[in-house]
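Hi,

Here's the structure I said I'd pass on. Have a look, and then read on for what turned up in it.

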Amino acid sequence: MKRPVVGIISNFYMLGDDYPAYASGQMNVEAISHVAGCVPLMIPANPHCVSVDELLDTCDGFLFTGGRPNVHPSEYGEEATEKHGEFDRCRDEITLPLIRACVDRGQPFFGICRGFQEVNVAMGGTLYPEIRELEGRMNHRMPPDGTLDEKFALRHCVHFTEGSVFDRIIGKHEVMTNTLHGQGIKTPGPRVVIDGIADDGTPEAISIKDASGFALAVQWHPEYNADKDPVSKPLFSHFGDAVRSWANGQRPVLKTA
């Protein structure tokens with residue numbers, strides 16, 4: 001049976017000193033192929049190379065990945081400061097309208113880390129530039145040293161709202177996750193439902209109210225160890241099911257809230 005296509009939003013990198021490239025982590029590709037059961041197609045997030053309409057027609061679903069650059073604060077009505085870090089305006093131009101189009105169409109998408117933040121901004125929300133500077137918040141950033149396993153180790157608990165889509169998919173009210181982010185939700189968009197929070201109150205899982213398709217995002221990185229982790233595996237499996245349903249013309253798939 002032909003597998004449906006998931007567009008994986010890639011990031012811009014400069015290899016060495018002078019070679020521009022688009023890339024995505026191998027674990028994103030493997031999670032989509034091996035756990036979601038779809039064809040992973042890496043997308044250059046550049047409006048000069050691809051359009052939102054072309055992507056909607058080419059792909060059955062989308063994975064909005066993590067990345068070092070942050071959403072530009074002008075996208076949510078604020079001025080840029082040093083705390084906001086690096087930006088990728090080309091990615092902003094692709095992902096934000098693409099997310100809104102997917103919500104309108106009911107086309108499945110899954111947001112991760114930066115993708116989580118993009119979903120909130122696309123839906124009218126705002127972000128804090130540095131979670132660790134807020135009173136009572138832990139440092140959610142990636143440890144600067146250690147092996148990959150140590151950097152992606154489970155570090156805090158996420159509490160899901162009882163009866164939420166995450167509660168139903170994973171089958172638990174509380175789970176342990178990794179954490180590798182600096183920014184986070186300040187104000188949720190009008191339709192953004194916070195379905196999971198960390199012990200310090202940081203939003204960690206969201207869905208879109210009245211979305212007709214799979215429209216979920218998480219602040220942690222479920223792509224790591226996705227084929228074995230008891231939290232990651234059902235998220236990618238359900239995402240894959242939603243993408244297959246879309247590809248087969250079966251809509252809506254999942255009532256998120």
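Right after helix H7 comes Gly249, with a positive phi near 80 degrees. This is a predicted model, by the way. H7 itself covers residues 232–247, and its length checks out: at 1.5 Å a residue, its 16 residues should span 22 Å, and the C-alpha atoms at its ends are 23 Å apart, so the two agree. The buried residues of H7 are Ser232, Pro234, Leu235, Phe236, Phe239, Gly240, Ala242, Val243, Ser245 and Trp246.

Now for the pocket, which may be more your thing. The largest one has a volume of about 900 Å³. It is lined by 31 residues, and those closest to its centre are Gly66, Gly67, Arg68, Met142 and Leu180. Strand S2, helix H1 (26–35) and helix H4 (114–122) are the elements that each give two or more residues to that lining.

S2 runs over residues 11–15 and is also where Phe12 sits. Phe12 counts as partly exposed because its relative accessibility is 38%, in between the 20% limit for buried and the 50% limit for exposed. On the surface, Phe12 joins Met14 and Tyr22 in a nonpolar patch, and together the three have about 280 Å² of accessible area.

Last one: Ala217, in strand S13 (residues 215–218). With a relative accessible area of 0%, Ala217 is buried. Its C-alpha atom is separated by 23 Å from that of Glu133, and the two residues are 84 residues apart along the chain.

Cheers

Definitions and conventions: Residues are numbered from 1 along each chain as its sequence is written. This is a predicted model: local features need pLDDT of at least 70, side-chain atom pairs count only at pLDDT 80 or more; totals for chains, interfaces and linings use all residues. Side-chain values use heavy atoms; hydrogens and water are left out. Patches are made of residues with over 30% relative accessible area and no salt bridge: like charges are joined within 9 Å, nonpolar side chains (Val, Leu, Ile, Met, Phe, Trp, Tyr) within 5 Å. Accessible areas come from the Shrake-Rupley method with a 1.4 Å probe; for residues, only the protein chains shown count as cover. A salt bridge is a side-chain nitrogen of Lys or Arg within 4 Å of a carboxyl oxygen of Asp or Glu. Helices (H or I, at least four residues) and strands (E, at least two) are DSSP runs, numbered from the N terminus. Buried means under 20% relative accessible area, exposed over 50%, partly exposed in between (1.4 Å probe, protein chains only). The expected span of a helix is 1.5 Å times one less than its number of residues. On a 1 Å grid over the protein atoms alone, a cavity is a set of points where a 1.4 Å probe fits but cannot get out, and a pocket is an open set with protein on both sides within 12 Å along at least five of seven lines; lining residues have an atom within 4 Å of a point. Grid points are joined across faces, edges and corners, and a volume is the space filled by probe spheres set on the points.
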